[in-house]
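This report looks at the spaces inside one protein model and at some of the strands and helices around them. Please keep the sequence and the structure in view while reading.

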Amino acid sequence: MSKARQLADNGAATPNRNMVINGAMNIAQRSTSVAALGATSGYYTLDRWHLSFVGTAGRLDMTQTADGPAGFENCLKLECKTADTSIAATEYMSLNTYFESQNCVRIGSGTSAAKEVTVSFYVKGNASATYVVQLLNNNHSSYIHNNRTFAVTTAWVRHEITFQADTTADSAFDTGNLAGIALLFIMHAGSNYKSATLASDWATGVTNRATGTDSFFDSTDRTFFITGVQFEVGPSATPFEHKTFAQDLQECQRYFRRLPTDEDATAYARIGNGMLYDSSSAFITIPLSPPMRTSAAASINGTLKIQVAANADCTVTGVAAVAANNSRTAFYADFTCDANGTAGHGCGLNRENDADASLDLEAEL
C-alpha cells in the first residue's frame, strides 16, 4: 500500500479539504437549544447552520446534543414538537450551510476543468425516513441545483454522495465573499417543490428540487440527528477532517461572534473601549480578530453598561454602527446610554454583572 493511501486511510489526507465550517457541530455561540422554531428562518443554535421555513405550521426544537457517533462528541438535533400533516403546495423546510464564492473557485464550476464534489455526513432519527440533500449554485443566474435522496434509520449511518462536475455556462465562481454554493438538507416540501422528477444532475427549476422527501413534520415523534458533515472536491469521500475547538471557533467568528466570548466569563468582562461623545452617547471601538466576512450588524442581549468613571456607569440603550469607520477588522459604533458621563472622557463597554448580556456581531451569508 502506498504511503499516500495509508495517510488517507488514517484520516491524514490533504488538510483544509473540508469546506464545511463547524461540520462536527462543536460551536454554538448563540445557544445550545432553542424551542418552537418554524415561523421564521434564521440562525438559532449551532454556528453556520441555518434553518429555512416557508409557510409551515410545523414547529421544532433545535439543539446541540452530545450524542454523536464514534469519534464525534456532538451533533445537531431537530425534534418535531408540532406536526403539520396538511401540507400546502408552497410549504418548505431545510437545514442549510453556505460557502463563500471565493472558497468555491477550487471546484472549477462553469469551466471544462470542473471537478466532481463529494458530500458525506452521519445521520440518524427515531424511525426510517427519506430526505433530500441538495447543492445549490447561488452564482448561477437561475440558481442551478443538484439533488440526491438519502435514508435515515435509527442507527448512525455515514452517507457518501458524489455530485457530477458542473460545466454549465454561467456557473463559475468569482473571488468575492458573497454566497457561492449552498448545501441543503430538505426535510419538508409541498407539491411546488416535488411535482417533477428529482433533478439528479445540474438543473434549473423548482418542481424538481425535493421529490422523494418525506415530511419531518409528519409526527411529533420525529427526530433528526446529523454530524460529521464534509464537502470536498473529488469523486470519493475521505475520512472526516477533525479540527481543534479553537480552529472551529475562529472559522465561525468570521460570520458571527458573541462578545464577551464563553472564554471570558467574568461578570464585568470588558468588550471595548472608547470616548464619550456627550453625556449620553459613546463611540466604542472593538478590534476583530479574525476579521469578519464583511462589516457587521450589531444587536444587544441583556444589559450592557458604559463605564464612565471608576465607580460610575450608565446603561446602554442602543447601538448604531458608524458606517464610515466600521470595517471587517474593527467594529466602531455609537452606543447610546443613560446620561451619566462627560463629553471627551474615556470610557469602556462592559457586561456589568449580567451573565446573559452580550453584544452580537453578525456577518452571515
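In this predicted model, the lining of the largest cavity is made up of 4 nonpolar, 2 polar and 1 charged residues. The residues concerned are I107, S109, V117, Q164, D166, I181 and W202, and the space that they line has a volume of about 30 Å³. A search of the whole structure finds 1 cavity of 30 Å³ or more.

The second largest pocket holds about 300 Å³ of space. It is lined by 16 residues, of which M19, I21, N103, K243 and E251 are the closest to its centre. Sorted by class, this lining has 6 nonpolar, 5 polar and 5 charged residues. Three elements, β6 (92-100), α2 (101-104) and α3 (245-252), supply at least two lining residues each, and β6 gives the largest share, with 3 residues.

The two spaces can be set side by side as follows.

| Space | Volume | Nonpolar in lining | Polar in lining | Charged in lining |
|---|---|---|---|---|
| Largest cavity | about 30 Å³ | 4 residues | 2 residues | 1 residue |
| Second largest pocket | about 300 Å³ | 6 residues | 5 residues | 5 residues |

Two of the elements that line the pocket, β6 and α3, can be followed further into the structure. Strand β6 belongs to an open sheet of 6 strands, which run in the order β2-β3-β6-β11-β8-β9 with antiparallel pairing. Because β2 (42-43) and β9 (145-152) stand at the edges of this sheet and have a single partner strand each, one side of each of them is left without a neighbour in the sheet. In general, the strands of a sheet pair through backbone hydrogen bonds, in either a parallel or an antiparallel manner. At the β2 edge, the pairing with strand β3 (residues 50-54) is antiparallel and extends over 2 bridges, and within this pair Y43 stands opposite H50 in β3.

Helix α3, for its part, has D248, L249 and C252 as its buried residues. Where do these residues lie around the axis of α3? They cover an arc of only 95 degrees, and they are therefore placed on the same side of the helix. The buried residues of α3 pack against β13 (256-259), while α3 also supplies at least two residues to the lining of the second largest pocket.

Notes. Residues numbered from 1 in each chain as written. Predicted model: local features only at pLDDT ≥ 70, side-chain atom pairs only at ≥ 80, totals over all residues. Heavy atoms only, no water. 1 Å grid on protein atoms, 1.4 Å probe; cavity = no way out; pocket = protein on both sides within 12 Å on 5 of 7 lines; lining within 4 Å. Points joined across faces, edges and corners; volume = space filled by probe spheres on them. Helix = DSSP H or I, 4+ residues; strand = E, 2+ residues; numbered from the N terminus. Nonpolar A, V, L, I, M, F, W, Y, C, P; charged D, E, K, R; others polar. Pairing = 2+ DSSP bridges. Buried < 20%, exposed > 50% of the residue type's maximum accessible area, 1.4 Å probe, protein only. Arc of directions from axis to C-beta. Contact = heavy atoms within 4.5 Å.
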